[in-house]
Amino acid sequence: MIGIRNCPSKKTRLLSYTHFTIETRKKTMVSYRKRANGWEYRISYKDVHGNYREKSKSKFKTKAEATLAANEMLLKINNEVFEDDNLTFADYFAKWVKIHKEPTISLATLLTYQRTHKIIEEYFRDTKLNKINFTTYQEFLNDLGSKYYKETVIKKHHHIKSCLKMAVHEGLITKNFAELGKISAKKESRPIEEKFLELDEYEKLIRDLRPKTIYKTYMFIYLIAVTGMRYAECKGLAWDDIDLYNKTININKTWSDIQKDFGKTKNKQSIREIPIDNRTALLLKQYKLKHLKDKYPFTTINNRSINHLLKQLIKRQIHIHSLRHTYVSYLIANGMDATDIARLVGHKDSFTTLKVYAHQFEKLKQKNNDKAIKIISSI
């Protein structure tokens, strides 16, 4: 249906217009009129819930410009894309994490998303979600690259891309402005010496810790070093989880320093049994005699004090998580299969192990190549 009206009265002379009304297949009404400050389009339609809504915009120089803008809006409406002019990028990211991530991830992983949210908040402040374009986002990535290691920027970028994919799906924006983002960073990766102990350092640390494992902090560091447990997994242990007869440790929960409570493991693969050697079992027996009253022997451990003690023992900057990395590296160096390692440390699959420790497997590959050559050359 197309109708034309003219309003020539003196009272409306400054607002005189030609009014066009168009009814689309979805019973959407589009009208155009000439105002004193230019052309305006107005669209009336029913939303997905059957409620009447309206979109309008004015100050177009020509009717052709107004028509083009109206057609773009019609496309959004027909595709159920309704941009929210009041929704900030930071608020949407926080809501997305709360609804789509928090129920299914561990607290440790949740904290990484919360750190991403903080970075978004600090950089974009009150910037609306639908006002950010590819260039604006690339400037953000470049800024991150000037401050953080490349692996950190990649992680933040991945979080944001996943979030925006949902925003597009929900019709809040038409394009994922992170999709074409390119990552560059002044610091390519964290120094390897901060992630791993040298194998001789690792062996010396274990020997030095053994006589002092009657003390809580020393036993805590020692257990992570000889089992590859995550920090939160070790803190979540109860005496019921430690089977000294069968020499196994059952990982079934974690402890949150933030919430001061127990939580789920990082993933379902993290629920596992870890074998311990005879000497470790004996040390745990001695430790248990002193700490038997504590149902959960490590929940009072403090992350900062643990890292401080570790730094004193190693004589350089190192983190408690480095012991988990080193444990895996030590197993690789001694020829253990990636699938078995993944099972021991609770990786999702052996691909994760191969990806994270690729450099260690490359060293082992060369070692095995040399061994093969030696065997064949002895014939």
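Me: Why is K247 called partly exposed?

Reply: In this predicted model, K247 has a relative accessible area of 29%. Buried requires a value under 20% and exposed a value over 50%, with partly exposed in between. K247, at 29%, is therefore partly exposed.

Me: Where does K247 lie, and what makes its phi notable?

Reply: K247 is located in the loop between strand 6 and strand 7. Its phi is near 60°, a positive value in a residue other than glycine.

Me: Why is R125 called exposed?

Reply: The relative accessible area of R125 is 61%, and the class "exposed" starts over 50%. R125 therefore counts as exposed. R125 belongs to the loop between helix 3 (107-124) and helix 4 (134-145). Phi of R125 is near 50°, again a positive value in a residue other than glycine.

Me: How do you know that G171 is buried?

Reply: G171 has a relative accessible area of 2%. The limit for buried is under 20%, so G171 is placed in that class. G171 sits in the loop between helix 5 (150-169) and helix 6 (192-195).

Me: How many residues separate G171 and I77 in sequence, and what is their C-alpha to C-alpha separation in space?

Reply: G171 and I77 are 94 residues apart in sequence, and their C-alpha atoms are 9.5 Å apart in space.

Me: What makes C163 count as buried, and how is C234 classified?

Reply: C163 has 0% relative accessibility, and C234 has a relative accessible area of 0%. Buried means under 20%, so C163 is buried, and C234 is therefore buried as well.

Me: How many disulfides does the structure hold?

Reply: The structure holds zero disulfides. The criterion is a pair of cysteine sulfur atoms within 2.5 Å. With a count of zero, no pair of cysteine sulfur atoms meets that criterion.

Me: Why is helix 8 called mostly covered?

Reply: Ten of the twelve residues of helix 8 are buried. The buried residues are Y218, M219, F220, I221, Y222, L223, I224, A225, V226 and T227.

Me: What span does helix 8 reach, and what span is expected?

Reply: Helix 8 covers residues 216-227 and reaches 16 Å from its first C-alpha to its last. That is close to the 16 Å expected at 1.5 Å a residue. Just after helix 8, G228 takes a positive phi of about 75°.

Me: How do you know which class of relative orientation applies to helix 8 and helix 10?

Reply: The axes of helix 8 and helix 10 (residues 278-291) cross at roughly 150° and come within 12 Å. Angles over 145 degrees count as roughly antiparallel. Helix 8 and helix 10 are therefore roughly antiparallel to each other. Helix 8 passes helix 10 in a left-handed crossing.

Me: At what angle do the axes of helix 7 and helix 8 cross, and why is helix 7 called oblique to helix 8?

Reply: The axes of helix 7 (residues 199-209) and helix 8 cross at roughly 140° and come within 10 Å. Roughly antiparallel needs an angle over 145 degrees, and roughly perpendicular covers 65 to 115. An angle of roughly 140° falls in neither range, so helix 7 is oblique to helix 8. Helix 7 passes helix 8 in a left-handed crossing.

Me: What makes strand 3 and strand 4 a pair?

Reply: Pairing requires at least two bridges. Strand 3 (residues 29-35) and strand 4 (residues 38-46) have seven and run in the antiparallel sense. Among the opposed positions, S31 stands opposite R42, and M29 stands opposite S44. A hairpin through two residues joins strand 3 to strand 4.

Me: In what sense do strand 4 and strand 5 pair, and over how many bridges?

Reply: Strand 4 and strand 5 (residues 52-60) pair in the antiparallel sense over seven bridges. The bridge partner of S44 in strand 5 is E54.

Me: In the open sheet of three strands, what is the strand order, and why do strand 6 and strand 10 stand at the edges?

Reply: The order is 6-7-10, with antiparallel pairing. Strand 6 (242-243) and strand 10 (272-275) each have a single partner strand, so one side of each is left without a neighbour in the sheet. Strand 7 (residues 248-251) is joined to strand 10 by four bridges. One of the bridge pairs is N250 with E273 in strand 10.

Key. Residues are numbered from 1 along each chain as its sequence is written. This is a predicted model: local features need pLDDT of at least 70, side-chain atom pairs count only at pLDDT 80 or more; totals for chains, interfaces and linings use all residues. Side-chain values use heavy atoms; hydrogens and water are left out. Buried means under 20% relative accessible area, exposed over 50%, partly exposed in between (1.4 Å probe, protein chains only). The expected span of a helix is 1.5 Å times one less than its number of residues. Axes are lines fitted to C-alpha atoms, for helices over the stretch in contact, and angles run from 0 to 180 degrees between N-to-C directions. Angles under 35 degrees count as roughly parallel, over 145 as roughly antiparallel, 65 to 115 as roughly perpendicular and the rest as oblique. A crossing is left-handed if the near helix is turned anticlockwise from the far one by less than a right angle, and right-handed if clockwise.
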